Amino acid sequence: MKDFVSSWMDDELAMHRAAVARFVETEMLPHDARWRAEHNVGHGIWRKAGALGLLCTDIPVAYGGAGGDFRHEVVLYEELARRGITGFGQGVHSIAAHYLLNHGTAAQKARYLPLMARGELVGAIGMTEPVAGSDLQGIRTRAQRVGEEYVVNGSKIFITNGYLAELVMLVVKTDPGLGAKGTSILIVETRDLPGYRVGRPLEKIGMHAQDTSELFFDQVRVPADRLLGGSEGRGFAQLMSDLPYERLIVAVQAAATMEGALAATTEYVKSRKAFGKALLEFQNTRFKLAEVATLTRVARTFIDSCIQQQLKGELDDATASMAKWWATDVAQQMLDECVQLHGGYGYMSEYLVARMYADARVTRIYGGTNEIMKELIARSF
Ligand SMILES: Cc1cc2nc3c(=O)[nH]c(=O)nc-3n(C[C@H](O)[C@H](O)[C@H](O)COP(=O)(O)OP(=O)(O)OC[C@H]3O[C@@H](n4cnc5c(N)ncnc54)[C@H](O)[C@@H]3O)c2cc1C
């Protein structure tokens, strides 16, 4: 089959891709098994990625970013996802940086974006609470203004990068009586912060290298100038406006995961023998692989068109929701086939498709569940 090159690629991006692939192969892949055992990737790899200019690539140079566009981010997501590296929470870090870029005051952008681009502050987003996930209006974490500070009490759960996070975009209630309009986002610097506590990385059925954690806030004092955008009650609108960007990231990762799984499975069925011939010679294998290759190409084509829309600033909520639910659902189905074609080896964590299969399950849940995606699409009718 001819190699498929996305229409948005060009020579400069091909060089960027080569550099990213080299970094992932040499600095990440050899450590993935350890990261999975330790349930986090450590701060060192963030600093290295930042030093090489691989973080915040679509943030303007004036704020310490690389001054590229969404395609430069996509290249990193793809090179990670194709190799099954899921512990490095670059997506969440980028989304946190975009909250700052799109909604922060000039001082907030100038202070935090360069540090995030250098990987000196690992970013996280604290929305979900034990009592509120899909229904974010139900969050209870309270930030009460006392003089020139907010006093924060509450907890968050399932926070990606939570264990390593040095900067948390924390969704809080500044006025519990006002529903969505009483919600704000606080920029919380976590180092040596009295009253702030991080739980152990949570034990999950996949994404073992990712430090998904609980965060606890007990009388935590945050300077009032860390309110994102500088005025209270805008948190919900700020969250909503960046959702297409976030959902597209999950869809991009799903499409690239499918490509990585297809390549690994094709190689496997060519080399594995049963009944005196390669698995690829059985008609069932050929048909299953043909289906998987077709779904992968359809996903690539759809996601590429969403990337183009995002680049033009035209990606709407409904289309981004379609991309998120469809790509993650289809990725899960095709990974199941890839595991099956590997036989018992497909169930062994040392095989790429086994790790991808377990890691992919959560992509239908986080970033807004796939049911919520369908709800959002239906609202656009
Ligand atoms: C590994 C991992 C990483 C995560 N990372 C982050 C993070 O970095 N930051 C963060 O804030 N959160 C994060 N989350 C949380 C994640 O976004 C939530 O788990 C998700 O939004 C669902 O919320 P919930 O778990 O409370 O489920 P619920 O909202 O309780 O949903 C349970 C079920 O009910 C369904 N449901 C709910 N409402 C409706 C409806 N209106 N119509 C139809 N069905 C509905 C859901 O689709 C789901 O199937 C992460 C979760 C995981 C597992």
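Tutor: Domain bounds here come from an automatic or database domain assignment. Keep in mind that this is a predicted model.

Student: So what makes domain 2 and domain 3 separate units here, and how far apart are their C-alpha centres?

Tutor: The assignment splits the chain into domain 1 (11-117), domain 2 (123-233) and domain 3 (242-379). With those bounds, the C-alpha centres of domain 2 and domain 3 lie 32 Å apart.

Student: What makes you say that domain 2 and domain 3 are in contact?

Tutor: Contact asks for C-beta atoms within 7 Å. Four residues of domain 2 meet that with six residues of domain 3. On the domain 2 side, the touching residues are two nonpolar and two polar, with no charged ones.

Student: How do you know which domains the shell around the ligand draws on?

Tutor: Look at who contributes: domain 2 and domain 3 each supply at least three residues to that shell. A residue belongs there if its C-beta atom lies within 6 Å of the ligand, and 21 residues surround the ligand. Met127, Gly133, Ser134, Thr160 and Thr369 are the closest. Strand E1 (123-126), strand E3 (149-159) and helix H12 (370-379) are the elements giving two or more residues, and H12 gives the most, with three.

Student: What makes up that shell by residue class?

Tutor: You get 10 nonpolar, eight polar and three charged residues. Gly counts as polar in this scheme.

Student: Why is strand E5 called mostly covered?

Tutor: A residue is buried if 20 or more other C-beta atoms lie within 10 Å of its own. In E5 (residues 183-189), six of the seven residues are buried, so "mostly covered" fits. For the chain, buried residues make up 48% of the 381.

Student: How do you know that E4 and E5 pair?

Tutor: Pairing needs at least two bridges. Strand E4 (residues 167-173) and E5 have seven, in the antiparallel sense, so they count as paired. One example is valine 168, whose bridge partner in E5 is valine 188.

Student: Why does the chain's radius of gyration agree with a compact globule?

Tutor: Because a compact globule of 381 residues would come out near 21 Å, and the chain has 21 Å. Along the principal axes, the C-alpha trace spans about 80 × 45 × 40 Å.

Student: And what share of the contacts join residues at least 24 apart in sequence?

Tutor: Taking contacts between residues at least 6 apart in sequence, 74% join residues at least 24 apart. The chain holds 12 helices and nine strands.

Key. Residues are numbered from 1 along each chain as its sequence is written. This is a predicted model: local features need pLDDT of at least 70, side-chain atom pairs count only at pLDDT 80 or more; totals for chains, interfaces and linings use all residues. Helices (H or I, at least four residues) and strands (E, at least two) are DSSP runs, numbered from the N terminus. The radius of gyration is taken over C-alpha atoms; the globule rule is 2.2 Å times the number of residues to the power 0.38. A residue is buried if 20 or more other C-beta atoms lie within 10 Å of its own, exposed if 12 or fewer, and partly exposed in between; C-beta atoms are placed from the backbone. Two residues are in contact if their C-beta atoms, placed from the backbone, lie within 7 Å.
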